Amino acid sequence: EKMSPSVFNFNDAKERFASTIRSTLDSKTVKPLINTFNQLPGNETEKKTTLDQALRWVLEGEIIKRKASCEDFLALIYLSIDGVTEGICSATTPFLLLGDVLDCLPLDQCDKIFTFVEENVSTWKSNSFYSAGKNYLLRMCNDLLRRLSKSQNTVFCGRIQLFLARLFPLSEKSAFLGLNLQSQFNLDNYTVFNKNEQESTLGQKHTEEKDEGMEVEEGEMGDEEAPTPCSVPIDYNLYRKFWTLQDYFRNPVQCYDKFSWMTFLKFSDETLAVFKSYKLDDTQASKKKMEELRTSGGEHVYFAKFLTSERLMDLQLSDSNFRRHILVQYLVLFQYLKGQVKFKSSSCVLTDEQSLWMEDTTKLVYQLLRETPPDGDKFASMVEHILNTEENWNAWKNEGCPSFVKERPAEMKPIRPTRKRQAPEDFLGKGPDRKIFMGNDELTRLWNLNQDNMEACKSDSREFMPSLEEFFEEAIEQADPANMVEDEYKVVKNSNYGWRALRLLARRSPHFFQPTNQQFKNLPDYLENMVIKLAKELPPPSEEIKTGEEDDDNDDALLKESNESPDVQHKLVTNQQMDDIASKLGAQWKTLAGQLEMKAVEVREIETDSEDVEMQAKLLLVAWQDREGSQATVENLVLGLNAAGFIKIAESLTET
């Protein structure tokens, strides 16, 4: 009789998923969502797509209705990450949810969401997420950067760039990652200053200059006493020439033009002459540095753009940090002009006269850096070291940014010395009756049960596969309506039984490979159908129903002792028994972990895998079972439970 499969309904499935999502947000567990996923009809692709839509639908409702708690949004994203790990939703879903949240929230809340993105960079780099989400993360970061102001949100912009640097490999050639492959300049970084001499106030005395002008730049001066003003006479010409140099730092290619170079040369000589003639006092600079550290509770004040007010010119020339900034700009400019850059035009060549001037000026700049307090010598040495290191990066870019991972040549690979092994005749069959000693009495006894172990493995007594009649006898008996066995108690509902039944059918039943038009929703339904077919072909079952325990014992007892030793049957712990023990242990599972000789690393992994204490207890037992293999018996587990003080749980295990 053909079973009609349930028709998949998108809207109904979406409603069920959405209802489950809302109810599980507080519990922060994906189990209810997995149950709903398994209960719904339809293929896996349909259900995954529906769950993806349901997650975005719930998120949309949260944004429209509550508009608030970032924790609610993050709980939904955490749920989607668990869903990807469990294989019930698409790998792109967490990134779509992140993009939706960041698009709809103001920048102050985007900061909190992005903190979550930064903290989970190891998750995004894992195999499950990286390929699917790297483009989404890149697009998301670029959208954020377009919304942010480089001058007002400098720190946030820097965090985004650092995140991308951690996410992508160093050789990633994307222009969005700050890898300036073609050595381009930020030509939009103009420095605005007063270019109209008629509007200049330099050279005029203002009695209220200190009171009014200093209020604008609060934090530039100390609270009690202003620094000594610059002793160099400052006029409009010096002001104009000084700030005009920023245009050459912005676009160094101008220096290759003859007339532009003459202007740069003249202005630079005058500026450096001012620096050289007016040297900063170490005591004054140290005092100002201490006052800066006190500003805003110890935080360093940083401005993304120069302050070009004429009133600040004398104070800027007295500021050691400002002077260092200008001098380092000269060194960076000279490094580019003298360096070999792959994408530099062929016309960009320095004359001997220009090279000689830059060489002399470089020495002067380093001398001024050493004379600038505090710690001038140390600062100059550090700058020189950084610029020398920068040459390596320039060479790497000129070579096309090759990968840093290099394969070791075959001839360079170390050759492992071959270990000389003893010949078999040197250690086998030396004892009486040519007995082979295995280093342990019990192993020696087992190995020597038979002279030819290969022949012993081929004997009929080593055949452990049951017949169809024996294995399905209980299932056929339960399938008879006259016995009135409820579905939930039938053996075909047991997943372990189902797996063994499929293997046996594949080996011994012709029905397993016969094509059929019947469609089955799950494995128990298929086995019910096979049991009905087998019942018609096999002889009627005997009155005594075998429970299958003998088969389990036969499977586990692969070696039996000789006639003089009694048979020992070891009963493995079943999945149902582990579930019962886990529910009874609860939060006390760590006490048992010590008795089962679980390592601290394994305990931490279990705690990380699940927050549910019952599931943690189950994971402990599963890890112990995987490690022990055939030794994961009821007897050994009872010993561990008794040693840990869980005597009642051990007694309940022996009774089952």
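This report walks through a predicted model of a single protein chain, from the whole fold down to a few residues.

Some ground rules come before the tour. Residues are numbered from 1 along each chain as its sequence is written, and side-chain values use heavy atoms, leaving out hydrogens and water. Since the model is predicted, local features need pLDDT of at least 70 and side-chain atom pairs count only at pLDDT 80 or more, while totals for chains, interfaces and linings use all residues.

**The whole chain**

The chain has 30 helices and 0 strands; here helices (H or I, at least four residues) and strands (E, at least two) are DSSP runs, numbered from the N terminus. Of its 656 residues, 37% are buried. Buried means under 20% relative accessible area, exposed over 50%, and partly exposed in between, with a 1.4 Å probe and protein chains only. The chain exposes about 41,600 Å², and carbon and sulfur atoms supply 50% of that; such areas come from the Shrake-Rupley method with a 1.4 Å probe, and for residues only the protein chains shown count as cover. Among contacts (heavy atoms within 4.5 Å) with a separation of 6 or more, 71% are between residues 24 or more positions apart.

**One helix with two sides**

Take helix α2, residues 31-39, whose buried residues are L33, I34, T36 and F37. Seen down the axis, they fall within an arc of 165°, so they line one face of the helix. (The arc is that of the directions from the helix axis to the C-beta atoms.) Why can neighbours in a list share a face? An α-helix has 3.6 residues a turn, so residues three or four places apart point the same way. The buried residues of α2 pack against α1 (10-24), α3 (44-65) and α4 (70-86), while N38 and Q39 on the other side are exposed.

**A few single residues**

Here are some relative accessible areas.

| Residue | Relative accessible area | Status |
|---|---|---|
| C89 | 3% | buried |
| C255 | 0% | buried |
| Q316 | 11% | buried |
| M438 | 37% | partly exposed |

Q316 sits in helix α14, residues 313-317. Leaving aside its neighbours within four places in sequence, Q316 touches W243, L307 and F322.

M438 is in the loop between α18 (424-427) and α19 (441-447). Together with L443 and W447, M438 forms a nonpolar surface patch with about 290 Å² of accessible area.

Conventions:
Patch = residues over 30% accessible without salt bridge, like charges linked within 9 Å, V, L, I, M, F, W, Y side chains within 5 Å. Salt bridge = Lys/Arg side-chain N within 4 Å of Asp/Glu carboxyl O. Arc of directions from axis to C-beta.
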